[in-house]
Each structure stands twice: as structure tokens, then as C-alpha cells.
Amino acid sequence: MPPRLLLSCLLLLSSAAACADQLNICYHYRCSRQAYFEISDEARDWLAARLARADSADSERAAVADAVRTLYFLAARDTPIWQDKGGNFRDGPAEGRMDCADHSSNVTAFLRYLDGKGWLKFHHAAPPEWRAPHILDLHYTGVLREVAANQDWAVDTWFKDFGEPPVVVPLSVWMKGYEPPAVSEPVRQASKSKEGNAP
């Protein structure tokens, strides 16, 4: 291949790669493993369309839950996070296991991505929060801030197995030790464990 043509091809490839959306995903407890995954044009269009259909704060939170779930599915194509189970102990030594520090870090990255794209009309991404209502019950979550009501919402994917939608509840409720009603006993026990330091 002539050098000039080779250079043109390399420039085209590098500019295409620079245009692709990539997000960081962390796992294996306390973000000890890191990876990047790509968001295809098709996935980006789907996310934009899903959020564009939201016409209220309530419907936007439902759309955000769908978007977070979808972003996790995209990340699972390149990482073993599909092996994650709700809580901390049910996934045993699985390579893709995640604790709440991993989940809150990932969800915060996802929310910032959606916000940065200008797709959120009723909310903004906020910094993650933590709670310790029973001293050793240390737990972290991603947070979505509803602009008009000035209310924060916990967006928590830690409680459930991989692929399940996140729990989205008022942060004030979550702070008091909220657990979703359908959480199994092993997950309930895991929520009583000490989680570690900030993500």
C-alpha cells in the first residue's frame, strides 16, 4: 500500500475511534478491576430515543432505569460482570462480582454519560452517596437529582442479580436503610456486612 494511502487509512481509523463513545466499568469489589466498553451508534440512538420519550420526572426516572440496565448489558459483552449476583456473597469467587462500591461507581458514570449527552430534561447526575444506618451497614449508591423538586433519588443496582432493573427510590428513604421488598434472605444478610471505603 502506498505510504500516502496508508496514512489516510490510519487517520480515518483514528478519527472514527475518537468519535466512539466509551465508558469505564469497574468490578471485582472496590473497583479493583477496570475496563472500557464501547457504545455503538445503534445503542446511542436507542438510549437517546428512550430518554426523549420521557415527558415527566417520573417517566424520566423509568427511562433512566432502562438506560442503566442497557449500559450494563453493553458492558457485559466485554467483561464478566454478567456473573454478578445481588448482594455480596451469592456470587462467590465469580470474576465479574461487584460490591456496592463498584455499582455506585458504575451507575454514577452511566448517569453522568446520559446527563453529558443532554438527554436528561428533568434530572441531573449527582455525586454518589453513602449510608450507615446501623453503623456496620455501610452502603453506596448512584444519585439522580430531580431539578424542579430539588429532590435526590437513589439509583441502586446492587440489591439485585445482573440484568435486573435498578431500584430507584427517594434518597431520603434509601438513607434510612431501604431494601426492596423482593430482596432474598442471602442478599438481606449481605446488606448487613461492612462494605469498605468510598468508591
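Helices (H or I, at least four residues) and strands (E, at least two) are taken here as DSSP runs, numbered from the N terminus. On that basis the chain of this predicted model has six helices and six strands. Read from the N terminus, the order is α-β-β-α-α-α-β-β-β-β-α-α. Residue numbers start from 1 along each chain as its sequence is written, and side-chain values rest on heavy atoms, with hydrogens and water left out. Since the model is predicted, local features need pLDDT of at least 70 and side-chain atom pairs count only at pLDDT 80 or more, while totals for chains, interfaces and linings use all residues.

First, the overall numbers. The chain has 199 residues, and 46% of them count as buried; buried means under 20% relative accessible area, exposed over 50%, and partly exposed in between (1.4 Å probe, protein chains only). About 10100 Å² of the chain is exposed, with carbon and sulfur atoms supplying 57% of that area (Shrake-Rupley method, 1.4 Å probe; for residues, only the protein chains shown count as cover). As for contacts (heavy atoms within 4.5 Å), take those in the chain with a separation of 6 or more: 59% come from residues 24 or more positions apart.

Next, the nonpolar cores, each a set of buried Ala, Val, Leu, Ile, Met, Phe, Trp, Tyr and Cys residues joined through side-chain atoms within 4.5 Å. The largest has 31 residues, and F37, I39, L71, Y72 and I81 are the ones that touch the most other members. Two or more residues each come from β1 (21-27), β2 (33-39), α2 (41-52), α3 (57-76), α4 (100-116) and β5 (151-156). Helix α3 is the top contributor, giving nine residues. Setting aside neighbours within four places in sequence, L71 is in contact with L23, F37, I39, L47, F110, Y113 and L114. A second core is separate and holds 12 residues, among them A126, Y140, F159 and L171.

F159 also turns up around R131, a residue of strand β3 (residues 123-131). Beyond residues up to four places away in sequence, R131 touches D137, L138, H139, F159, W174, M175, G177 and Y178. R131 has a relative accessible area of 2%, so it counts as buried. Its side chain reaches the backbone oxygen of W174 at 2.5 Å.

That leaves the charged pairs. Side chains of opposite charge can pair when their charged atoms come close. The structure holds nine salt bridges, each a side-chain nitrogen of Lys or Arg within 4 Å of a carboxyl oxygen of Asp or Glu. One of them joins D41 and R44, at 2.4 Å from N to O. These two sit three residues apart in helix α2, which means about one helical turn separates them. R44 is buried, at 18% relative accessibility. D41 and R44 also belong to a salt-bridge network with D21 and K117.

The bridge between R61 and E146 (3.1 Å, N to O) links distant parts of the chain, with R61 in helix α3 and E146 in strand β4 (residues 139-146), 85 residues apart. R61 is buried at 7% relative accessibility, and E146 is buried at 12%. The neighbour in sequence, R145, pairs with D152, and their closest N and O atoms are 2.6 Å apart. Here R145 is partly exposed, at 33% relative accessibility, whereas D152 is buried, with a relative accessible area of 19%.

Notes: Polar contact = N/O pair within 3.5 Å; in protein donor to acceptor, adjacent residues only side chain to side chain.
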